[in-house]
Each structure stands twice: as C-alpha cells, then as structure tokens.
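Here is a quick tour of one protein chain, written for someone new to reading structures. Keep the 3D view open and turn it as you go.

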Amino acid sequence: MRAAVLHRTGQETLDVRDDVEVVGFGPGRVRIRLRAAGLCHSDLSAMSGVLSHPAPFVPGHEGAGDVVEIGEGVTEVAVGDRVLLSWMPSCGRCAHCERGRSHLCVAGLRRLGTPGFRYGGDGPGAGEASGFYGTGTFAEEVVVDRDAVVRVPADLPYELAALIGCGVTTGIGAAVHTARVEPGASVAVIGAGGVGVAAVQGARVCGAGRIAVVDPVVSRRERALAFGATEALAPEELRAVAKGLPGGGFDYVFEAVGRSDTVRAGYDAARRGGAVVVIGAGAQDDQVRFGMGELFFNEKRLLPSLYGGAPLSRSVALVVELWRTGRIDLAGMVTHRVALAEVNEALAQMRGGEALRTIVLPG
C-alpha cells in the first residue's frame, strides 16, 4: 500500500512509498481503511522537532475511514463502521478517566514509537515506522488500538469526520468546555489557522458578542470573518484595541499558535479577571515569563486546553450535533484537497499560510 514516511526529524518533505504494509494487528486492535486525512499544523511541528516524536514515522493524526477488520475482544466497533481516529486515546481505568477527565489520560503516549508500518520488503532499504501519536493517517490503511477509534454517524462525510478528530474538537471544545464563554463576552483569537477558526466558531456558538481574530497574514484573518469573527486585526493592532475595551481588555483570549510570545501577547490583551486559553501546541523549551506581582494583582486566569478540554466522545457528539443543526461550518474549512502522492504539496501550502485545512485523500 501507499504511505508517506518521515525518515529523519527535520526533513521538510516526506517519502511517499508504495511498498508499505501495516503491522501489529491482533487482539484488541482495529484495521481501518482510511478515506480522508486532515493536515494539521502539529504534523509540521512533529516533522521539525518542535513536538517530540521518534523517527521514522508516518505523519498525520486527523483521519477517518471504515473498519475492515477487528481483533479478538473488540466490541466497540464492527466491520463496516465509519470511524475517526483519536491521537490521545484513553485507557478508561486511570485516575483521570475515573474522574471524567479522560482527555488527560496519557496511556496512549506510552505507545509512541511502536511500529505500525513496515516498508521496503526484504530489500537493503527495508525498515519500520511508527504512526504519529499512534495513528499515522498519511497512509491507505492503519492498525490502531481499540481505544483510538471513535464511531461516527454514517452520514457524516469522511472529510469532516477527519477534522473533528483533532483541530475542530480542540478549538470548539476550548470555547465551550474549557473557557465556557458567556453570551455577550468579548473574545480575541490569536492565530487564524484551523484550530483558531474552530475557536472562533466555538465562541460564536456560545454567544460571544465581539470576536476579534488576530493573524499576521491578511488573507487568513479576513477569511475568519466568514466563520463568525466580527473583526480582523494585525498583531500590532491587538494591544490598542484591547486597551479601548471596557475593563482594558478582552474577557477571553484564545492562543492558537503555540508560542511563548503570543501567549504573552494574549495575557496582555486580556482584562483584569479575564482568561487566556492556551490551545496551541508548542515546544517544551519555549518558556513564557510572568511576574509574580502581575499574576497576583491582575487575577487573570491561564487555562490550558488539551483536545477540547473534555472526554473525546463527549466533544465529538457535541461537534456532530452542531454540524447537523447548521450551527458550525465544517465544509467551509476545507480549502484544499490533494492525493496522498501530492502530500508534500499540501505541506508547502500550509507552511505558506495558503491553506486553512487540507484534506489528503489516501485512495
């Protein structure tokens, strides 16, 4: 089968191969024929090393497809079910899961680097690769653990299901579950990529009165207006606009970039008593600095939000219902489509800021 492999961290292009096979099927495992994969900025971050992941690996963690085979003991899904993949599967038994916070379960992280693919046959260039965060959706098929699969309605298009697997759930969940934005609140979203646009839609669903989107790329921030943003700002405009608001800042600022300087800018743009919601995935060594005095005196809340801030099954059900009732626009977020053989073109589109969300079609 065909899959795209990153051999070494730091490479900017993927090796698209036709001699790949999935490995690891057995009890408790599920084999999926992928129909659509979304390209998320986290894939680029893993390729560059900003997010740590052992190479070689097959990138891609937003994916949807059909179950083609189930291992012994799998009862959650059946052959023929339409499913999306979870890159942060929960075990159901740890303290986080028992407290109803299964999105914080780290059981899946212990499997990083486990081979999921073999390539090269028996030749001298043969090797094994893992799937990014246990998935690896830039492939025609994957084998994953039973807890990494979420069944979705059969009428949900594969492309939209793939987006729900990460970016959409992360952004909408941050507004609905983590921040719990109140009707009429003022909101700023820093970063107008897929996660940022999802946060804009989440804030709109919550009834926010003012939603400012902040991005250095004119086309990106203006595009966010179609998804519910009420104004589009360049980064250098944020401070002045924030100071002109009642209370001297926004009620909520969502940071969807994953950099210390934008977290700091978000903190400065929030009013006293406001909240800064961090949803961008950043590097471990990129540290943001706050003074103890300002933390105490301003009482601004720092609210990191991982994977939508709620159990994935709950978040998926919410997003599907919002889509079904027409309250969010998922199809409009798909700006590009490429075949798996053209995945490097998709990477270039995302790096240049041209794409909001690109769908990679494995077939």
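## Long-range contacts

Let's start with how the chain folds back on itself. If you take the contacts (heavy atoms within 4.5 Å) between residues at least 6 apart in sequence, 70% of them join residues at least 24 apart.

Before going on, a word on where this comes from: it is a predicted model, in which local features need pLDDT of at least 70 and side-chain atom pairs count only at pLDDT 80 or more, while totals for chains, interfaces and linings use all residues. Residues are numbered from 1 along each chain as its sequence is written, and side-chain values use heavy atoms, with hydrogens and water left out.

## The chain as a whole

The chain's secondary structure comes to eleven helices and 19 strands; these are DSSP runs numbered from the N terminus, with helices being H or I of at least four residues and strands being E of at least two. The radius of gyration is 20 Å, close to the 21 Å that the globule rule gives for 363 residues, so the chain is as compact as a globular protein of that length. (That radius is taken over C-alpha atoms, and the rule is 2.2 Å times the number of residues to the power 0.38.) Along the principal axes, the C-alpha atoms fill a box of roughly 65 × 40 × 40 Å.

How much of the chain is buried? The answer is 56% of the 363 residues, where buried means under 20% relative accessible area, exposed means over 50%, and partly exposed is in between (1.4 Å probe, protein chains only). The accessible surface comes to about 14900 Å², and 50% of that belongs to carbon and sulfur atoms; such areas come from the Shrake-Rupley method with a 1.4 Å probe, and for residues only the protein chains shown count as cover.

Now for charges. There are 37 positive and 40 negative side chains, and the centres of the two sets lie 6 Å apart. Here Lys and Arg count as positive and Asp and Glu as negative, with His and the chain ends not counted; each charge is placed at NZ of Lys, CZ of Arg, CG of Asp or CD of Glu.

## A cluster of rings

The chain has five aromatic pairs. Rings of Phe, Tyr and Trp (its six-membered ring) pair if their centres lie within 6.5 Å; planes under 30 degrees apart count as stacked, over 60 as edge-to-face and the rest as tilted. In one pair, Trp87 and Tyr133 have ring centres 5.5 Å apart and planes at 70°, so this pair is edge-to-face. Trp87 sits in the loop between β7 (82-85) and α2 (95-98), and Tyr133 in the loop between β9 (127-131) and β10 (141-145), so the pair ties together parts that are 46 residues apart in sequence.

Both partners are tucked away: Trp87 is buried at 13% relative accessible area, and Tyr133 is buried at 17%. Tyr133 also pairs with Phe132: their ring centres are 4.9 Å apart and their planes at 75°, so this pair is edge-to-face too. Phe132 is buried, at 2% relative accessibility. Ring pairs link Phe57, Trp87, Phe132, Tyr133 and Tyr307 into a cluster.

## Backbone oddities

Two of those ring residues have a backbone twist to look at. Tyr133 has a positive phi of about 50° although it is not a glycine, and Tyr307 has one of about 55°, again without being a glycine. Tyr307 is in the loop between β17 (301-304) and α10 (312-324), and is buried at 2% relative accessible area.

Which peptide bond is cis? Look from Ala55 to Pro56, where omega is near 5°. Pro56 is in the loop between α1 (41-48) and β5 (57-58).

## Helix α1 under cover

Six of the eight residues of α1 are buried, which leaves the helix mostly covered. The buried ones are Ser42, Asp43, Leu44, Ser45, Ala46 and Met47, and what covers them includes β4 (29-39), β5 and α11 (343-351). Right after α1 comes Gly49, with a positive phi near 100°.

## Two more buried residues

Ser186 is in strand β12 (residues 186-190) and is buried at 11% relative accessible area. Beyond its neighbours within four places in sequence, Ser186 contacts Arg210, Leu245, Gly249, Phe250, Asp251 and Tyr252.

Tyr252 gives us a bridge to Tyr267: the two are 15 residues apart in sequence and 9.5 Å apart in space, C-alpha to C-alpha. Tyr267 belongs to helix α8 (residues 260-269) and is buried, with a relative accessible area of 1%. Setting aside residues up to four places away in sequence, Tyr267 touches several others, among them Val276, Phe290 and Leu302.
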